[in-house]
Structure formats: structure tokens, C-alpha cells
Amino acid sequence: MGDAHRIGVVGLGVISRAYLDTLVGHPAVRVTAVADLDAARSATVAAGLPGVRALTVEELLSSPDVDTVLNLTVPAAHAEIALGAIGHGKNVYGEKPLAADFADAHAVLEAAAKAGVEVGCAPDTVLGTGVQTARAAVDAGSIGRPQFASAVMVTPGHERWHPHPDFYYTAGGGPLLDMGPYYLASLIHLLGPVRAVIGAGGRLRGERVIGSGPRAGERIPVEVDTHVSGVLEHVGGALTTITTSFDGVATTAAPIEVHGDAGTLAVPDPNHFDGEVRLFELGATQWRALPPSAGYVDGARGVGLLDFVTADGQRAPRANGELALHVLETMTALLRSSAEGRRVELTTSAQPPVPVPLTAAQDWRGPDAG
């Protein structure tokens, strides 16, 4: 390809290190600038990256040396930073969710369309060999016609390990908006878009205790539901039951199972890029593991951004804004259904992106990858 695509990173929290490890040195991109509300943090990160400038957020959004803004801020700031980037004619690729609420996310895509720029959004774990191999099996008819699926995510809460977990328990947080994008993006890859939902949720604790770091022992308020369950009606007719919780300790449930009239597929944790996909066919006596047959091998955070900036006119970026908007509406509709006690029909849709062919690590990481 031609000149490397120039990336500016806004938000240098925990997740930024994983992105930088993938992007720095890749032949398709060049990280040119970083910014954070903590200027000292920006300076420290830039000092360790040759050729990268530490800027204020405003300077980075307007910099002529940035083509795409990588938005790694907290969910409540996602829309503001995205709209700022778009206002300066830049593409934006953000961490999930697309925004803290559906109206803001819709405004981001509308602004991008008017400005003629592109929007992409995590998660990109669904582009790894785990979910993509499972999708290949469904597409090949290995389970027959899909009938229903289950998705389960249970943890005791991120405050046990995260030193600054406040945003997980404010608007834009909670188990569904935080972890749900991994599961819902996977389900849309596997079963297609959602047309309606029924949800229920609750919070049994009004505060959480930080378990590590300099604020260990500090109590923080809980402002969102910490347990959300629901049923998704897919356009194709399949039903999914989903549970996301920060209120449990552990579970033996598979992260995702897809049941068809000819077999059942066990899908690995969609928070990871790989994992074993298992198939139990009708009439068989045991599960069998499927070898990886699709996806980015040894995927890592940022592969979705590489997919985004290298997409050409022949295909849309796989981690695209339309999919992220549909995922977000599905989640916010579940919360609304819970609050209002009724079935909610969705106003958006999104087709599953083009499948990822089995792609060796050296082919997506670049020829000099270790």
C-alpha cells in the first residue's frame, strides 16, 4: 500500500498498551500523536515511542498529522471525542460501546456520514479464530438450521482488579454495556441482526469496594444495573437468551452455545481472540473440536483498527460503526425493556460483516512481526 495511515490515540488508560503493542511498527499505520487528560501520562507514553508527539486532546483532534483518531476514553466521553474528530474531518475508531447512549451514538454516525468520514468500533475479538471458526461452521450448515442460542457472562465485578473502576458503575457501564458488546457482536456474526428484545435487570448492592491499587478499600457508588438478562429475537427467527452479571462468582455455563436442528456448537469466550470451538452433531456420542478455519490467527487488540484502515472499496471495515450502533441499540433496548416491562422493537439493523479468511499472524501483523 502507499503511505502509512496516521493514527492519533486519545486516552492512555489500561487498554492503550495493548493497542500500541499491535500498532507501533506496523507497516500499514504510523502512530503520530497521543493525548490524555493527564498531560504527564501523555508525555511519558510519547517519550517511549520514537516520532510520537504528546498533545492536548484539542491539539490532537485538529492535527493535520492524524488521519484516524483511536478513541480509548471512558464510555461517557466516547461521543464527545468522536464528534470532535469528525468535526475536523477525521475518521474515528473507538473502544466499545460506541457511546454511552443510543442517541449520542446515532448522532456520531449521522455526523460521520455528512462529513464523509468513517467510523469503526471495537470489539475486534470477534475477528479472531474463535468466533470466526464458529461462524464458518454455522455458515457451512454444520448444525443445520440455527434454532436458538445462549450467552452467559458472570463475574464478581471489575472493582476487584481494576484500580479505577468507577466508570464501570456509572452511565455507559454495567455488565451489559461493558461486556455485552463481545457477546452481541459474536451473536450477530453467528445468527444475524436482532429485531426485538425482552429484558430484566437489577442491582442488589448500592456500592462496591475497590480491591487493588492506591484506592484499595475505597467505596464507590453503583448507578447502573449490575445483572441483566434477556431474550433476543433475531431477524432469521432464532432466539438467544443472554445473561450478563457483575453479581456472581463463577459459572459452568459455556460463554456461547448455538443450537441447530442437526447439532450444537460451543463457542469460546468472545472476550478473547481464540479458543476451542466444539461441535456435537445429532447422533454423535461426544463433542469434537474443530480446527481453526477462519479468522486472524493470534489476534490482538487493534487488529480491528488495522482491518478498518486497510479496507478497500471491495469490502466494508468489519468492525464498523453500523454494527456497533446495532449492538448498542440492542443493549439499550434490553435496559429499556427491563425498566418499562415490555418487549422493545429495534430501529436499526446490521448485516454480519464479511467473514475473515484464515489469516496467519505474520500476514496481518506485517513481515517484521516477531
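P97 sits in the loop between strand 5 and helix 5, and the bond leading into this proline is a good place to start. In this predicted model, the peptide bond from K96 to P97 is cis, with omega near -10 degrees. A second cis bond turns up from A122 to P123, this time with omega near 10 degrees. P123 belongs to the loop between strand 6 and helix 6 (129-139). Another backbone oddity is D298, whose phi is near 55 degrees, a positive value in a residue other than glycine. D298 lies in the loop between strand 16 (288-290) and helix 8 (303-310). Why single these spots out? Because most residues other than glycine have a negative phi, and most peptide bonds are trans.

Stepping back to the whole chain, there are 10 helices and 17 strands to keep track of. The radius of gyration is 20 Å, close to the 21 Å that the globule rule gives for 370 residues, so the chain is as compact as a globular protein of that length. Taken along the principal axes, the C-alpha atoms fill a box of roughly 60 × 50 × 40 Å.

Now for the sheets. Strands of a sheet pair through backbone hydrogen bonds, either parallel or antiparallel. One open sheet has six strands in the order 3-2-1-4-5-6, with parallel pairing. Strand 3 (53-55) and strand 6 (119-121) are its edges, each pairing on one side only. From one strand to the next, the twist averages 25 degrees. Within this sheet, strand 1 (residues 5-10) runs parallel to strand 2 (residues 29-35), and six bridges join the two. I7 stands opposite V31 of strand 2. Helix 1 (residues 16-23) packs on the sheet and touches strand 1, strand 2, strand 4 (68-71) and strand 5 (91-94). The direction of helix 1 makes about 150 degrees with that of strand 2.

Further along the chain, strand 12 (residues 239-245) pairs in the parallel sense with strand 7 (residues 146-154), over seven bridges. Strand 12 also pairs with strand 11 (residues 227-234) over seven bridges, but in the antiparallel sense. S245 of strand 12 is a handy landmark here: it is the bridge partner of V154 and also of H227. The hairpin of strand 11 and strand 12 has four residues between the strands, and G237 there takes a positive phi near 110 degrees.

Helix pairs come next. Two packed helices are described by the angle between their axes and the distance between the axes. For helix 4 (residues 78-87) and helix 5 (residues 102-115), the axes come within 10 Å and cross at roughly 10 degrees. That small angle is why helix 4 counts as roughly parallel to helix 5, the limit being under 35 degrees. A79, A82, L83 and I86 in helix 4 meet residues of helix 5 that include D104, A107 and V108. By class, this contact has nine nonpolar residues, no polar ones and one charged.

Helix 7 (residues 174-191) and helix 9 (residues 321-340) pack at about 120 degrees, with axes 9 Å apart. Helix 7 is therefore oblique to helix 9, and the crossing is right-handed. Helix 7 brings residues including L176, L177, G180 and P181 to the contact, while helix 9 brings L323, H326 and V327, among others. How do the residues of the contact of helix 7 with helix 9 divide by class? There are 12 nonpolar, four polar and no charged residues.

Methods. Residues are numbered from 1 along each chain as its sequence is written. This is a predicted model: local features need pLDDT of at least 70, side-chain atom pairs count only at pLDDT 80 or more; totals for chains, interfaces and linings use all residues. Side-chain values use heavy atoms; hydrogens and water are left out. Two strands pair if DSSP finds at least two bridges between them. Axes are lines fitted to C-alpha atoms, for helices over the stretch in contact, and angles run from 0 to 180 degrees between N-to-C directions. Contact means heavy atoms within 4.5 Å. Angles under 35 degrees count as roughly parallel, over 145 as roughly antiparallel, 65 to 115 as roughly perpendicular and the rest as oblique. A crossing is left-handed if the near helix is turned anticlockwise from the far one by less than a right angle, and right-handed if clockwise. Ala, Val, Leu, Ile, Met, Phe, Trp, Tyr, Cys and Pro count as nonpolar, Asp, Glu, Lys and Arg as charged, and the others, Gly among them, as polar. The radius of gyration is taken over C-alpha atoms; the globule rule is 2.2 Å times the number of residues to the power 0.38.
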